[in-house]
Amino acid sequence: MSARKTAAIIGAGPAGLIAAERLAQAGVAVTVYDRMPSPARKLLMAGRGGLNLTHSEPLDTFLDRYADADQRLLDTIRLFPPHRLVAWAQALGQATFVGTSGRVFPKAMKASPLLRSWLARLAGLGVAFRLGHHWRGWTGDGALAFSTAAEDVSARHDAVLLALGGGSWPRLGSDGGWTDLLRERGVNVSPLQPSNCAVTVAWSHHMARHEGEPLKRVALSLSDKTKRGEVILTKTGLEGGAVYALAPELRRALAEGAATVYLDLRPDATAGELAERLREPRGKQSMANFLRKSIRVTPAAITLLNEATKGKLPQDAQALAALTKAVPLTVTGFAGIERAISTAGGVPLSELDERFMVKTMPGVFAAGEMLDWDAPTGGYLLQACFATGFAAGAGMAGYLTQVTAGQEQPNPAV
Ligand SMILES: Cc1cc2nc3c(=O)[nH]c(=O)nc-3n(C[C@H](O)[C@H](O)[C@H](O)COP(=O)(O)OP(=O)(O)OC[C@H]3O[C@@H](n4cnc5c(N)ncnc54)[C@H](O)[C@@H]3O)c2cc1C
């Protein structure tokens, strides 16, 4: 690039930082802005769960996890696939391993060493950080408008990437405030909705004593979809991998009212096998002890069986086996967006050109969770954030080269 162009990255999460790295490597002078006093707070929070970076399954299976995804998202992940993300983490000194579920984690099982080493690499590439800068949109004359604790400031760059995240866990920085700013500029933003999120179930106080207890290796069904995994009991409902994996179906069902899901407490046994064990004589054992030993269910699962039958467990072995295989639970809604792991909704990929530039806003790009795609937990979220951030960084570098060559008009509004 002959004249050194400048780029603003707004949002110091994984999508913004990988774009910053890509741009700085292309010789662009990059400034990263974030409203928080330190970068990548959500990535650090994800690290508390071990930092599930991506998944080791075959790429086609991996891509199937993105429900109803725009083909462009899938093509973008193909260009920055899981093995490339793993190689990138390893180059930062973070060895990875594949867990029993096929999920990929850094050996450190947290994000802080990876982030430290990444920030050092970015500093080496000359990337500047302006933290505590809350982006508020554009000034009347088209500069980027920020507010800091002390004052309002403005900045001009040759291109800008919005990598502002979704709307979950707003205290970590991403509060979805950008949706109105883009709508005001005519961008067709889909409403942000909680995803990978707890659901509420109307149940009695009896369940509260099992708050936080996992039901492992269960299966949860809604209509014709069944997801295996873990379900965790909360005071007001359920969370965990199997619940998150049903989010798209739950969202559709809840749009029409409450949804009944069926929990299979013993998916590896048939109803016939369970009934046979339940026909064995109970002797003097309490019902709870008998169930625990004969069909190997936990006390929390037994409370759940009682809850579903209002304390009147069927006495007949076959009926009890059938109940164990399909405990009906009425889901009344999603718990708040504040504690969702991610959000669905955002900027549809159809609003972006092939470089990830907003079609109606030359020089303004978007990437990461703020784009309208949805995926379950399992490493799919970070993978898509990294892949779209990388693609947007490459797209911006290409755009800036064209501006330099006079083949693209710089946008006066940037
Ligand atoms: C508890 C938890 C655990 C998770 N675990 C995993 C996991 O193990 N694996 C996985 O794949 N995913 C996980 N995720 C999801 C993953 O962390 C996110 O999908 C990912 O961080 C999104 O990246 P992003 O760069 O798009 O946005 P973010 O990481 O949200 O970063 C956006 C940045 O933009 C800044 N910002 C927002 N608005 C403004 C503004 N107006 N002005 C200035 N700055 C602004 C924010 O401060 C933030 O730093 C988890 C999420 C949570 C909440």
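**Reading the ligand site, the sheets and an aromatic pair**

Q: How far is an oxygen atom of the ligand from an N or O atom in the side chain of Ser 174?

A: The distance is 2.6 Å, from a ligand oxygen to a side-chain N or O atom of Ser 174. The coordinates belong to a predicted model. A pair of N or O atoms within 3.5 Å is taken as a polar contact, so the Ser 174 pair at 2.6 Å qualifies.

Q: Which distances do the side chain of Glu 369 and the backbone of Ala 15 show to ligand oxygen atoms?

A: In the side chain of Glu 369, an N or O atom lies 2.6 Å from an oxygen of the ligand. For Ala 15 the atom concerned is a backbone N or O, and its distance to a ligand oxygen is 3.0 Å.

Q: How much of the ligand's accessible area does the protein cover?

A: On its own the ligand has 1,000 Å² of accessible area, and the protein covers 94% of that.

Q: Which residues around the ligand come nearest, and how is the shell made up by class?

A: The ligand has 29 residues around it, and those that come nearest are Asp 34, Asn 52, Ser 174, Glu 369 and Leu 382. By class, the shell divides into 15 nonpolar, 10 polar and 4 charged residues.

Q: Which helices and strands each supply at least two residues of that shell?

A: Three helices and one strand do: α1 (14–25), α2 (41–47), α14 (380–404) and β7 (134–138).

Q: β7 is a strand, so how should its sheet be read; what is the strand order?

A: In general, strands of a sheet pair through backbone hydrogen bonds, in a parallel or an antiparallel sense. Here 3 strands make an open sheet, ordered β7-β8-β9, with antiparallel pairing. β7 and β9 (152–155) are at the edges and have a single partner strand each, so one side of each lacks a neighbour in the sheet. From one strand to the next, the twist averages 30 degrees.

Q: How many bridges join β7 to β8, and what stands opposite His 134?

A: The antiparallel strands β7 and β8 (residues 144–147) are joined by 4 bridges. Ser 147 in β8 stands opposite His 134.

Q: With which strands does β13 pair, and over how many bridges?

A: β13 (residues 214–222) is joined to the antiparallel strand β14 (residues 225–233) by 7 bridges, and Val 218 stands opposite Gly 229 in β14. The hairpin of these two strands has 2 residues between them, and Ser 223 takes a positive phi near 50 degrees there. β13 also pairs with β16 (residues 259–264), antiparallel, over 3 bridges. In β16, Leu 263 is the bridge partner of Leu 220, while Tyr 262 stands opposite Ser 221.

Q: How many bridges does β16 share with β17?

A: β16 pairs with β17 (residues 327–334) over 5 bridges, again antiparallel. The bridge partner of Thr 260 in β17 is Thr 330.

Q: How is the aromatic pair of Trp 88 and Phe 386 described?

A: Two values describe a pair of aromatic rings: the distance of the centres and the angle of the planes. The structure holds 12 aromatic pairs. Trp 88 and Phe 386 form a tilted one, with 5.0 Å centre to centre and 55 degrees between the planes. Trp 88 lies in helix α5 (residues 82–91) and Phe 386 in helix α14, so this pair links parts of the chain 298 residues apart.

Technical notes: Residues are numbered from 1 along each chain as its sequence is written. This is a predicted model: local features need pLDDT of at least 70, side-chain atom pairs count only at pLDDT 80 or more; totals for chains, interfaces and linings use all residues. Side-chain values use heavy atoms; hydrogens and water are left out. A residue is near a molecule or strand if one of its heavy atoms lies within 4 Å of it. A polar contact is a pair of N or O atoms within 3.5 Å; within protein, one must be able to donate a hydrogen and the other to accept it, and residues adjacent in sequence count only if both atoms are side-chain atoms. Accessible areas come from the Shrake-Rupley method with a 1.4 Å probe; for residues, only the protein chains shown count as cover. Ala, Val, Leu, Ile, Met, Phe, Trp, Tyr, Cys and Pro count as nonpolar, Asp, Glu, Lys and Arg as charged, and the others, Gly among them, as polar. Two strands pair if DSSP finds at least two bridges between them. Axes are lines fitted to C-alpha atoms, for helices over the stretch in contact, and angles run from 0 to 180 degrees between N-to-C directions. Rings of Phe, Tyr and Trp (its six-membered ring) pair if their centres lie within 6.5 Å; planes under 30 degrees apart count as stacked, over 60 as edge-to-face and the rest as tilted.
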